[in-house]
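User: I've got a new model open and want a quick tour of the local details. Start with how you name the pieces, then I'll poke around.

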Amino acid sequence: MRAIRYHEYGSPDVLRSEEIGRPSPKRGEVLVAVRAAGINPVDAKFRDGSYPQGSLPKIPGSDFAGVVDAVGDDVDEFAVGDRVFGTGLGIDRQGTCAEYGVATTTHLATLPDGIAFTVGAGIGLVGVTAWEGLIETAELAVGDRCLVHGGSGGVGHVAVQLASAAGASVVATAAEQYHDRVRALGADTVLSYDRPDLASAIGDAGAPDVVLDHRIDQHIELNTEIASQGARIVAIDSTAPELRYPDSGLARAKMHTLYHFAMISLSDYSSTLGLIARLLESGTITAEVARTYDLADTDQAHRDVAETSFLGKAVVVP
C-alpha cells in the first residue's frame with residue numbers, strides 16, 4: 001500500500017511517500033481502507049519531535065474515515081463494508097495518512113450514510129476535543145455564556161456549533177474575514193482576536209461562564225479579567241513550559257476553575273464518536289473542509305496547517 005512516513009523528526013520535508021506492506025488486524029482491531037485522513041496541528045508536533053511517540057519510521061495522522069476491509073478476532077461491532085470514522089491513531093500505533101490503517105474498536109464509530117468521508121475524517125479529533133472540553137469537563141449548560149477563542153479553527157468551529165446547540169450564547173474570536181461564517185455556525189457575537197479593546201468588547205457581550213481556549217498561555221490574563229464569577233476555563237493547548245496567573249489573587253477571588261484537557265488522556269473514544277455521529281446525522285454539527293490534498297501532498301498539508309489561515313480542516317484523500 002501507499003503510505004506517508006517519516007524516518008526522522010523534522011520539518012514537513014521529512015515526509016516521504018513509500019510503498020509498504022498492508023497491515024493485518026489483530027484481536028480487537030479493524031483494518032480500514034482509508035478514504036480520507038484529517039490533518040491537525042498536533043500531527044506536526046509528533047512529526048517534528050515535540051511530542052515523540054514510539055519508534056520510527058512512523059505514518060502520521062490521527063483522524064480517518066473509510067470502509068472496513070477486515071476485522072480481527074473478537075470484533076462484533078463492525079463488519080466488512082461498514083462505513084467508519086475515528087481518531088486517536090498515530091500515538092501508540094501507526095497513523096492514518098495511508099491507503100489502509102488499523103484501529104482498535106475503542107477508536108472508531110459508524111459513519112452515518114450521507115456524511116462525506118472528508119467530513120468524517122475532519123471531525124474526529126476536533127469533535128472529541130470540543131465535546132469533552134465543553135460538555136463533559138466544563139459542563140456547559142443552557143443559558144451559559146460561552147467564549148470560544150479561535151472560532152474559525154479546527155476545534156473552535158466545532159465548539160461554536162456545539163455550544164450553540166447546547167443552548168449557550170456564544171462569543172467567538174476570529175480573523176475578520178471569517179466573521180460572517182462563524183456567525184453562520186452559531187456564534188451570537190464574533191470579535192477580531194487582535195482588536196485592542198477585546199476585553200471590553202467581550203464584556204459588552206456578557207462575561208462568559210465557560211471559556212474554551214487553544215492558547216491559554218497567551219490569554220490567561222484576559223480570561224481572568226473578563227470571565228464571570230465561578231467561570232470554568234478549559235485549556236486545550238499550552239505552549240508555555242510554565243503557566244502562571246499574572247493576578248492569581250483576582251482568579252481566586254472570582255473562583256475560576258482552570259481545566260487542562262488533552263485527548264491523549266482518553267483511552268476510549270468510541271462513545272463520544274458515537275454521539276458525534278448522531279449530531280452529524282441530524283445536521284447539528286459538521287466539519288468544514290477547507291482544503292483537500294492528494295496523499296503525496298501530505299507535506300504541503302502540514303505546511304498549510306501550520307502557516308496558513310483558513311476556516312475548518314485540511315484533509316488528505318488517498
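Analyst: Helices are DSSP runs of H or I with at least four residues, strands are E runs of at least two, and both are numbered from the N terminus. Residues are numbered from 1 along each chain as its sequence is written, and side-chain values use heavy atoms, with hydrogens and water left out. It's a predicted model, so local features need pLDDT of at least 70 and side-chain atom pairs count only at pLDDT 80 or more, while totals for chains, interfaces and linings use all residues.

User: OK, helix H8. What happens just after it?

Analyst: Glycine 283 comes just after H8 and takes a positive phi of about 80°.

User: And how far apart are the end C-alpha atoms of H8?

Analyst: They sit 18 Å apart. H8 covers residues 270-282, and its 13 residues should span 18 Å at 1.5 Å a residue, so the two agree. The expected span there is 1.5 Å times one less than the number of residues.

User: Which residues of H8 are buried?

Analyst: Thr272, Leu273, Gly274, Ile276, Ala277, Leu279 and Leu280. Buried means under 20% relative accessible area, exposed is over 50%, and partly exposed is in between (1.4 Å probe, protein chains only).

User: What do those buried residues pack against?

Analyst: Two strands and two helices: strand S5 (83-86), strand S7 (108-110), helix H2 (117-137) and helix H3 (154-165). Contact means heavy atoms within 4.5 Å.

User: Let's do H3 then. How many of its residues are buried?

Analyst: Ten of the twelve, so H3 is largely enclosed by the rest of the structure. The buried ones run from Gly154, Val155, Gly156, His157 and Val158 on to Ala159, Val160, Gln161, Leu162 and Ala163.

User: What about the span of H3?

Analyst: Its end C-alpha atoms are 17 Å apart, against an expected 16 Å for twelve residues at 1.5 Å each, which agrees. H3 is followed by glycine 167, which has a positive phi near 95°.

User: Switching to loops. Where is alanine 287, and is it buried or exposed?

Analyst: Alanine 287 is in the loop between H8 and strand S14 (289-294). It counts as buried, at 3% relative accessibility.

User: What does alanine 287 touch?

Analyst: Setting aside residues up to four places away in sequence, alanine 287 touches Val119, Gly122, Ile123 and His157. There's also a link in space to glutamine 161: the two are 126 residues apart along the chain, yet their C-alpha atoms are separated by 9.8 Å.

User: And histidine 107, where does that one sit?

Analyst: Histidine 107 is in the loop between S6 and S7. It's buried, with a relative accessible area of 12%. Not counting residues up to four places away in sequence, histidine 107 touches Phe64, Phe85, Gly86, Thr87, Gly88 and Leu89, plus Ser267, Tyr269 and Leu273.

User: Serine 267 is in there. Buried or exposed?

Analyst: Exposed: serine 267 comes out at 62% relative accessibility. Its loop runs between strand S13 (257-260) and H8. Beyond its neighbours within four places in sequence, serine 267 is in contact with Thr106 and His107. The C-alpha atoms of serine 267 and glycine 88 are separated by 9.0 Å, with their positions 179 residues apart along the chain.

User: Any odd backbone to flag? Which bond is cis?

Analyst: The peptide bond joining leucine 56 and proline 57, where omega is about 5°. Proline 57 is in the loop between helix H1 (41-47) and strand S4 (64-71).

User: Which residues other than glycine have a positive phi?

Analyst: Aspartate 74 is one of them, with phi near 65°. It lies in the loop between S4 and S5 and is exposed, at 55% relative accessible area. Glutamate 139 also has a positive phi, of about 55°. Glutamate 139 sits in the loop between H2 and strand S8 (145-148) and is exposed too, with a relative accessible area of 57%.

User: Last one, aromatics. How many pairs?

Analyst: Two aromatic pairs. One of them is tyrosine 6 with tyrosine 9, a tilted pair at 6.2 Å centre to centre and 50° between the planes. The rule takes rings of Phe, Tyr and Trp (its six-membered ring) with centres within 6.5 Å, and calls planes under 30 degrees apart stacked, over 60 edge-to-face and the rest tilted.

User: How exposed are those two tyrosines?

Analyst: Tyrosine 6 is buried, with a relative accessible area of 3%, while tyrosine 9 is partly exposed at 31%.
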